[in-house]
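Got the model open in your viewer? Let's take a walk through it, one selection after another.

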Amino acid sequence: DLLPAAGKVELVELLPEIVEWNRGPLARNAQAPLEDPRVKVTIGDVGEAIDTKEACGILNEIMEYELAGVVRYTHSAMMVTGPYRIPIVAFLKEQAAESLLHAQGAGELIAGLDGHPSQKIAKIEETGQHSIKDILEESLGHELHAVGLYKKLLEEVEDKSLYLEEYARGMIGEEEQHSLELKRMLKDYG
């Protein structure tokens, strides 16, 4: 049981037969999770439990920002010079690839919520400064902004969609981890 004693789960299921199956034959083999007092079961469309227009709007912001991250990190990787070029370029290329995966994940969620994924990317602020310190500082700013976007999504879906809530929490964790890595990399630049 991974749910804290004070935790709550709201399950929104479209088909009542699935709920009955989980309360009937499946319950014996699964320790009757729907009978747990912390679980609230609602028959309906999860799209009606959350404001899908608002959630899709935030997810589009995220997708556009993550796509901008692909461009930012790719550009930054091209601009690195000096003796630490090879490991820093590898790190930045990994970040670009991960940003693309994040954008694709957000887009898939939008489509799953019957929304329309944007074809735009967020505006990319560039200082024109390309020292390793400048690139890492810009990258840190990018990651911190991403954390804010995922927190905005979490605020919108919390206690309305467990799946979207867990998605947002997982992405916040990933972006915070990237921020911590960048802060550690910047320590040498005082």
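## Stop 1: helices 6 and 7

Helix 6 and helix 7 cross in a left-handed manner (left-handed if the near helix is turned anticlockwise from the far one by less than a right angle, right-handed if clockwise). Helices here are DSSP runs of H or I with at least four residues, strands are E runs of at least two, and both are numbered from the N terminus. To find the pair, select 132–157 for helix 6 and 162–186 for helix 7.

Before going further, some ground rules: this is a predicted model, where local features need pLDDT of at least 70 and side-chain atom pairs count only at pLDDT 80 or more, while totals for chains, interfaces and linings use all residues. Residues are numbered from 1 along each chain as its sequence is written, and side-chain values use heavy atoms, with hydrogens and water left out.

Back to the pair: the axes of helix 6 and helix 7 are 8 Å apart and the packing angle is about 160° (axes are lines fitted to C-alpha atoms, for helices over the stretch in contact, and angles run from 0 to 180 degrees between N-to-C directions). So helix 6 is roughly antiparallel to helix 7 (angles over 145 degrees get that label, under 35 is roughly parallel, 65 to 115 roughly perpendicular, and the rest oblique). Colour the contact by residue type and you get 17 nonpolar, 3 polar and 9 charged. In that scheme Ala, Val, Leu, Ile, Met, Phe, Trp, Tyr, Cys and Pro are nonpolar, Asp, Glu, Lys and Arg are charged, and the others, Gly among them, are polar.

Now click on Leu154, in helix 6. Is Leu154 buried or exposed? Leu154 is buried, at 11% relative accessible area (buried is under 20%, exposed over 50%, partly exposed in between, using a 1.4 Å probe and protein chains only). Setting aside neighbours within four places in sequence, Leu154 is in contact with Glu165, Ala168, Arg169 and Ile172 (contact means heavy atoms within 4.5 Å). For a longer view, draw a C-alpha to C-alpha distance from Leu154 to Asp45: 19 Å in space, for 109 residues in sequence.

## Stop 2: helix 5 and its two partners

Select 85–112, which is helix 5. The axes of helix 5 and helix 7 come within 13 Å and cross at roughly 165°. That makes helix 5 roughly antiparallel to helix 7. On the helix 5 side, show residues including Phe91, Glu98, Gly105 and Leu109; on the helix 7 side, show residues including Tyr163, Tyr167, Met171 and His178. This contact divides into 10 nonpolar, 4 polar and 3 charged residues.

Swing round to helix 6. Here the axes of helix 5 and helix 6 come within 13 Å, crossing at roughly 20°, which makes helix 5 roughly parallel to helix 6. The crossing of helix 5 with helix 6 is left-handed. Pick Ile88, Leu92, Gln95 and His102 in helix 5, and you will see them meet Ile132, Ile135, Ser139, Glu143 and Tyr150 in helix 6. The tally for this contact is 5 nonpolar, 3 polar and 1 charged.

## Stop 3: the cores

Which residues have the most contacts inside the largest nonpolar core? Show Leu59, Ile62, Leu113, Tyr150, Leu153 and Tyr167, out of 27 residues in that core. A nonpolar core is a set of buried Ala, Val, Leu, Ile, Met, Phe, Trp, Tyr and Cys residues joined through side-chain atoms within 4.5 Å. Helices 4 (52–79), 5, 6 and 7 each give this core at least two residues, and the largest share, 8 residues, comes from helix 4.

Zoom in on Tyr167: beyond neighbours within four places in sequence, Tyr167 is in contact with Leu59, His102, Gly105, Ala106, Leu109, Tyr150 and Leu153. Apart from the largest core lies another, with 14 residues, among them Val80, Val89, Phe91 and Leu136.

## Stop 4: Met79 and two loop residues

Go to Met79 in helix 4, partly exposed at 29% relative accessible area. Not counting residues up to four places away in sequence, Met79 touches His130 and Ile135.

Finish in the loops. Gln31 sits between helix 2 (25–30) and strand 2 (39–43), is exposed at 76% relative accessibility, and has a positive phi near 60°. Asp114, in the loop between helix 5 and helix 6, is exposed at 73%, with a positive phi near 65°.
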